[in-house]
Structures are given as C-alpha cells and as structure tokens.
Amino acid sequence: MPALVLLGAQWGDEGKGKATDLLGGSVDYVVRYQGGNNAGHTVVVGDQKYALHLLPSGILSPGCTPVIGNGVVVDPSVLLSELSGLNERGVDTSKLLISGNAHIITPYNVTVDKVTERFLGKRKIGTTGRGIGPTYADKINRVGIRVQDLYDESILTQKVEAALDGKNQLLTKLYNRRAIAVDQVVEELLGYAEKLAPYVTDTVLLLNQALEANKVVLFEGGQGTLLDIDHGTYPFVTSSNPTAGGACTGAGVGPTKISRVIGILKAYTTRVGSGPFPTELFDEDGEALRRIGGERGVTTGRDRRCGWFDAVIARYATRVNGLTDFFLTKLDVLTGWEQIPVCVAYEIDGKRVEELPYSQSDFHHAKPIYETLPGWSEDITKAKSFSDLPKNAQAYVKALEEMSGAPISAIGVGPGRDETIEINSFL
Ligand code: GDP
Ligand code: IMO
Ligand code: MG
C-alpha cells in the first residue's frame, strides 16, 4: 500500500527534485499534485543536469510512471517543449500520464499574471509570471479550462468565452490592454489536443488501483510549506497547497493511504520573490551562501534570498504536514564556516516566541534568536555514512533534528544522485 509524500519544508528549492529522483528508482509512480511550471526542480545524474518544471522528477527513472495529477495546472506549450527537450536527450517520456481534470494555463492567464504584478507595484508578490495564480483563480471561480475540454470544441469555445468575458473588461478598462480574441485562444488550445491525447487519462482511478495492487506511489510537491496558500506567509505565497493534504485532493487519494510524509529541508534557508524571511542575510555570509550553494532560480534565473537555518519554520512544517522524516540537503554548502548560527526562536515586540506566529504582522516583526554551533572545514562530499561526517557536522545535524521535530533520515552532501547519506530507509 505504501504511498509517500515528498514536499518542501521551507520556501521552495530545498532539493525536492534530487530527493524524488533518488527514490524514483524504487517506486512505481511519481505524481505531481499541485503547482505548475512555476516549479524548477534540478536533477543531476552523472554528468547530466536536468531542469524540470512540470514533469515529475520520476521521469528520469525508466521503471517509474510519471503522473500529472488533477491538482496541477498545465501549460501545454511548456509541457510539450519539456517533453521534446528530454526526448532529444534520449529520455523516454512515453509513460507519462496526465489527469483529464487538471486545469490548463491559458495564454490569457499568463497575461493576467504579468499585468496584475505590474499593477501591484511595490506590493507585488514576485510571482514567476507563469500564470499560476490566475489559473487557480479561474478554477475556484468555476471558469477554468480543463485538459478534457480540449476534446470538445463546442464546450471549449463556450468556456473560453465565459472566462474571457470578465477578463477582457479588466484588461481593456482597468489595465489599458488590448482585448484577447476567443477564436485565437481556442485555435491555439485545439492545436495541443492531439499531441497531448496519448497521455490523458483518469489518473485518480489508476492511482487508487495501483495502491490496491500494492504498488509504491510517491507524491512530489512543488514549492514549499511556507508558500502554501493556506499555511504559508500569505499573501506572499503560491496559489495552491504544497502541504501534505494537497497530495490527497490534488491526486484523488484518501489520507488513510499515506504512510510517510518526507519534508525536504535545506541546511540553511532561501526564498525567491517578496515576503517576510526572518533569517535573511544582507552581508557577506548571505552572499557566500548564494555563491557556494548556487542559489539562483531554476525557473526565473532570479538570485535567491539566503539566510541561516530557521528551526521555527522547520517545526511548523513538521506540524502542518505531519512529517515522519526529513531529508536534509546541501549540508556540504556549510563547510568552511567556523561558527554556524541557527535560529531557535523569534523575538517579537520584546517577547521570546518559540512557534510560528499566526499573525502576519507579528511575523513581519519577528527577529531571529540565534544559537551558534561550531562548524567544520573537512570536505564532506564523499561521505557515505553518518559516521563519515566530521564530529561538528554530526552535531549540527543532530541539533537540527532535535529542534525540528522529526528524524533526519537522509542527508545531501552534493547535487549528484549518489551524493547522499541514507540513515533510515524511506521504503
Ligand atoms: P527543488 O525546487 O526543491 O527541486 O530545488 P532546486 O532544484 O530548485 O534547487 C536545489 C539546488 O540544489 C539544485 O541546484 C540541486 O542540484 C542542488 N542540490 C540538491 N541537493 C544538494 C546537496 O545536497 N548539495 C548540494 N551542493 N547541492 C544540492
Ligand atoms: P520549486 O518547486 C521557489 C514563489 C515565487 C513567488 C510566489 C508566487 O522549484 O520549489 P507563483 O508564480 O507561484 O504565483 O509565485 O511563489 N515560487 C517559488 N519559489 N521555488 C518554487 O518552486 C516556486 N514556485 C513559486 O517566487 O514568490
Ligand atoms: Mg526549485
């Protein structure tokens, strides 16, 4: 029955792609359950580096069936170019399955995303500009276009008309833009129908049957816990639920089926886009983390904001996701610091606060309270077991584990598939 969820425990870019790929060889299905091509997941296999946006990271494991679940928003042009890019590199993508209920990111959703951000000015979210928010808004407003609509021209036309009705008013009257023509959008979308047809199916039925047949299913989250629309740093969040419950709604699998929830946790913290970030560094340490960690966005190429590890956030991720394990990534990036500060609590308006405040205003005022742990200088990238790590690196991992509330079952010591220390097996 084993169904596992693998998700980001911070603000995204924790190394989910690498972790999923690592497990991909031992699971039957890897399922994306939310988000879209706002995600950028890097997988390094030997000397080959892959940047995946919409496709589940299991696509690189030949025995694994990759699935795009109903909760995902799909930009068909991005999907097709990602598929052809992989095919050109010799990756077989023929096993891919796409839910007919997944919503489509239409060209007008991308336009609305960009225009809205510009209109917000200083208050912008810093979105990836991929149309994610407007597509989920259409879904909730019940004017979304689903993958299955591509196969009924009359329905598609009616739905695009309904969706554009209000949007064209906004675009022309509020944003001073040209109206978008229904025919043009319908024609573009119909052009994708045949190319996507071989992949489209009832993924909910299929995944439940697979679980009944004792297959191993891994649900791969995009983004991270603090970017969750309900549990993240709203409004500076993405428009879906990367948290564990999102796997159930976004794939059509009941919570009783999920046996393990793995939080991917970077040994320090990063964030892209706007919003509060208590441990953010504006000094040379921040610059060094960015340089050594290669902290540049896979999707937008923006520099990531960098800071020290925040145990308050990690504890929060354990709680809202019911984490059973952590996969700690990028420990190698911290090699060379004599002392490593770790945020253990916040000071908010003169008071010590141990848990993430629910009030947005409080979180904006939160100042990190640090404990400083001794660093190490030895190269750890060849370490294969926990005992291969220098004593101070071992102590750093143990301290993080204690503060974060779930066992650290694997440690990343480099970007490659094999640069991982496995402590407890995930399967
Ligand atoms: P994702 O969005 O969570 O999949 O993460 P990204 O791919 O956006 O960013 C993580 C980056 O860290 C990628 O460049 C990975 O190749 C790299 N990475 C993952 N794990 C490790 C690790 O343990 N050590 C190092 N040095 N790099 C890692
Ligand atoms: P992965 O899966 C980091 C951020 C954007 C912005 C906010 C809303 O690679 O971890 P959106 O385009 O989703 O409406 O933007 O969310 N964001 C991410 N940050 N990693 C991601 O994905 C992200 N996907 C969205 O920068 O702040
Ligand atoms: Mg990423």
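These questions and answers go through a predicted model.

Visitor: Which residues are the protein donors of the magnesium ion (ligand 3)?
Guide: The donors lie 2.0 to 2.1 Å from the ion. One contributes an OD atom and the other an O atom. They are Asp13 (OD) and Gly40 (O).

Visitor: How many residues apart in the chain are aspartate 13 and glycine 40?
Guide: Aspartate 13 is in the loop between strand 1 (3-8) and helix 1 (16-24). Glycine 40 is in the loop between strand 2 (29-32) and strand 3 (41-45). The pair links distant parts of the chain, 27 residues apart.

Visitor: Is glycine 40 buried or exposed?
Guide: The relative accessible area of glycine 40 is 12%. Buried means under 20%. Glycine 40 therefore counts as buried.

Visitor: What does aspartate 13 touch, not counting residues up to four places away in sequence?
Guide: One of its contacts is Gly40, the other protein donor of the magnesium ion. The full set is Gly40, Lys266, Thr270, Val272 and Arg304.

Visitor: Which residues does the UniProt annotation "active site" cover, and why do they not all gather at one spot?
Guide: The annotation comes from an unreviewed UniProt entry and covers Asp13, His41 and Lys139. These residues span 127 residues in sequence. They do not all gather at one spot, because the farthest two C-alpha atoms are 25.8 Å apart.

Visitor: Which of these annotated residues does the lining of the largest pocket include?
Guide: The UniProt annotation names Asp13, His41 and Lys139. Of these residues, the lining of the largest pocket includes Asp13 and His41.

Visitor: Where is lysine 139, and is it buried, partly exposed or exposed?
Guide: Lysine 139 is in helix 4 (residues 132-140). Leaving aside neighbours within four places in sequence, it is in contact with Asn70, Gly71, His103 and Gly144. Its relative accessibility is 29%, and values between 20% and 50% count as partly exposed. Lysine 139 is therefore partly exposed.

Visitor: Which peptide bond is cis?
Guide: Most peptide bonds are trans. Here a bond with omega of about 5 degrees is cis. Its proline lies in the loop between strand 10 (217-220) and helix 8 (244-251). The bond joins tyrosine 234 and proline 235.

Visitor: What is the phi of lysine 330?
Guide: Most residues other than glycine have a negative phi. Lysine 330 lies in the loop between strand 15 (325-329) and strand 16 (339-348). It has a positive phi, near 65 degrees.

Visitor: What is the phi of aspartate 349, and is this residue buried or exposed?
Guide: Aspartate 349 is in the loop between strand 16 and strand 17 (351-353). Its phi is positive, near 45 degrees. The relative accessibility is 57%, and over 50% means exposed. Aspartate 349 is therefore exposed.

Visitor: Which helix gives the largest share of the largest nonpolar core?
Guide: Nonpolar side chains tend to be buried together in soluble globular proteins. The largest nonpolar core here has 60 residues, and Tyr396 is among those that touch the most other members. Contacts of tyrosine 396 include Leu331, Leu334 and Trp376. The largest share of this core, 6 residues, comes from helix 12 (residues 391-404).

Visitor: How many residues are in the other core that lies apart from it?
Guide: Leu80, Val91, Ile98 and Ala102 are among the members of that core. It lies apart from the largest one and has 35 residues.

Definitions and conventions
Residues numbered from 1 in each chain as written. Chains lettered and ligands numbered in written order. Predicted model: local features only at pLDDT ≥ 70, side-chain atom pairs only at ≥ 80, totals over all residues. Heavy atoms only, no water. Donors = N, O, S within 2.8 Å, 3.2 Å for Na, K, Ca; no water. Helix = DSSP H or I, 4+ residues; strand = E, 2+ residues; numbered from the N terminus. Buried < 20%, exposed > 50% of the residue type's maximum accessible area, 1.4 Å probe, protein only. UniProt positions renumbered as here; feature names shortened; annotations may be inferred. 1 Å grid on protein atoms, 1.4 Å probe; cavity = no way out; pocket = protein on both sides within 12 Å on 5 of 7 lines; lining within 4 Å. Contact = heavy atoms within 4.5 Å. Core = buried A, V, L, I, M, F, W, Y, C linked by side-chain atoms within 4.5 Å.
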